[in-house]
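Q: Hi! Could you walk me through this model before I set anything up?
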Amino acid sequence: MRIVLVGPPGAGKGTQAAYLAKNLSIPHISTGDLFRANISQGTQLGQKAQEYMRAGQLVPDEITIGMAKDRMAQPDAEAGFLLDGFPRNLGQAEALDGILRETGTKLDAVLDLEVPEDEVVRRIAGRRMCRKDSSHIFHVEYTPPKIEGVCDICGGELYQREDDKEETVRKRLEVYHTETEPIIDYYKAQGLVVTISALGKVPEVTKRAMEALGRVA
Ligand SMILES: [Zn+2]
């Protein structure tokens with residue numbers, strides 16, 4: 001299956017992508033991993049991306065598209081893949097269609113994870129991280145530490161990342177609405193969009209997604 005996963009920040013996209021890819025035996029191709037791999041391997045695209053990042057500039061779409069194209073051409077992606085974070089705007093979606101046309105393949109589904117906006121803000125803005133170990137993560141409502149502001153695991157101080165502040169989250173949502181949401185309409189016109197609610201526990205959402213994908217397979 002060839003799947004694109006879309007959803008706002010805080011929808012649990014990365015987590016779901018990993019489980020779904022495993023269940024479907026297809027590689028999980030995330031933009032974050034693509035950048036890390038290209039940069040660490042020093043590929044031409046990775047070097048170019050790094051130049052933009054060092055200059056504090058946005059990496060142009062053509063670089064991201066090139067990385068995705070290279071990755072989709074790997075043997076393990078021949079039978080399918082799950083894209084996570086790509087395409088993130090209309091230009092990238094059109095480029096992806098071009099790549100698929102070249103290889104004579106097409107997408108099977110675009111899985112849209114839906115979360116109400118206030119829930120996104122609650123999920124992200126409630127996160128607290130440990131200063132001593134960034135893998136020690138708590139949530140003021142869902143997984144609160146025993147003592148407010150103190151890590152249960154190591155006693156470190158808990159803090160809220162700048163990226164997780166409500167104002168920042170609202171801005172990220174705005175970017176999602178203006179840049180990424182138009183691709184949902186683009187894919188709706190192709191009859192590819194499958195929308196599920198991303199509310200509830202991780203395994204419940206995975207099950208819902210698998211059932212929805214089973215209906216289009
Ligand atoms: Zn800790």
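Q: What geometry does the site of the zinc ion have?
A: Happy to help, and bear in mind that this is a predicted model. The site of the zinc ion is tetrahedral, with angles of 98 to 120° among its four donor atoms. For reference, the ideal angle for four tetrahedral donors is 109.5 degrees.

Q: Thanks! Which atoms coordinate the zinc ion?
A: Three sulfur donors are the SG atoms of Cys130, Cys151 and Cys154, and His136 joins them through ND1. The distances run from 2.1 to 2.3 Å.

Q: And how are the donor residues spaced in sequence?
A: The pattern is C-x5-H-x14-C-x2-C. Cysteine 130 sits in strand β5 (residues 127-130), while cysteine 154 is in the loop between β6 (137-139) and β7 (158-159), so this pair ties together parts that are 24 residues apart in sequence.

Q: Nice. Switching to helices: at what angle do α3 and α4 cross?
A: Helix α3 (residues 44-54) and helix α4 (residues 61-72) cross at roughly 150°, and their axes come within 10 Å. That makes α3 roughly antiparallel to α4.

Q: Is that crossing of α3 and α4 left-handed or right-handed?
A: The crossing of α3 and α4 is left-handed.

Q: Which residues meet there, between α3 and α4?
A: From α3 you have Leu45, Gly46, Lys48, Ala49 and Tyr52, and they meet Ile63, Gly66, Met67 and Asp70 of α4. By type, the residues of this contact are five nonpolar, two polar and two charged.

Q: How do α2 and α3 pack?
A: Helix α2 (residues 31-40) packs with α3 at an angle of about 105°, and the axes are 7 Å apart. The two helices, α2 and α3, are therefore roughly perpendicular to each other.

Q: Who touches whom in α2 and α3?
A: On the α2 side are Phe35, Asn38 and Ile39, which meet Leu45, Gly46, Ala49, Gln50 and Met53 of α3. Five residues of the α2 contact with α3 are nonpolar, three are polar and none is charged.

Q: What about α1 and α8, how do they cross?
A: The axes of α1 and helix α8 (residues 202-216) come within 10 Å and cross at roughly 50°. α1 and α8 are therefore oblique to each other, and α1 passes α8 in a right-handed crossing. The α1 residues in the contact are Thr15, Gln16, Tyr19, Leu20, Asn23 and Leu24, with Val202, Val205, Thr206, Ala209, Met210 and Leu213 on the α8 side. That contact of α1 with α8 divides into eight nonpolar and four polar residues, with no charged ones.

Q: Now some backbone checks before I build a topology. Is the peptide bond from phenylalanine 86 to proline 87 cis or trans?
A: The bond from phenylalanine 86 to proline 87 is cis, with omega near -5°. You'll find proline 87 in the loop between β3 (81-84) and α5 (90-102).

Q: Good to know. What is the phi of serine 25?
A: Serine 25 has a positive phi of about 55°, although it is not a glycine.

Q: Where does serine 25 lie?
A: Serine 25 is in the loop between α1 (13-24) and β2 (28-30).

Notes: Residues are numbered from 1 along each chain as its sequence is written. This is a predicted model: local features need pLDDT of at least 70, side-chain atom pairs count only at pLDDT 80 or more; totals for chains, interfaces and linings use all residues. Side-chain values use heavy atoms; hydrogens and water are left out. Axes are lines fitted to C-alpha atoms, for helices over the stretch in contact, and angles run from 0 to 180 degrees between N-to-C directions. Helices (H or I, at least four residues) and strands (E, at least two) are DSSP runs, numbered from the N terminus. Angles under 35 degrees count as roughly parallel, over 145 as roughly antiparallel, 65 to 115 as roughly perpendicular and the rest as oblique. A crossing is left-handed if the near helix is turned anticlockwise from the far one by less than a right angle, and right-handed if clockwise. Contact means heavy atoms within 4.5 Å. Ala, Val, Leu, Ile, Met, Phe, Trp, Tyr, Cys and Pro count as nonpolar, Asp, Glu, Lys and Arg as charged, and the others, Gly among them, as polar. Donors are N, O and S atoms within 2.8 Å of the metal (3.2 Å for Na, K and Ca); water is not among the atoms, so sites may look incomplete. Four donors count as tetrahedral if all angles lie between 85 and 135 degrees; four count as square planar and six as octahedral if opposite donors are over 155 degrees apart and all others between 65 and 115; anything else is irregular.
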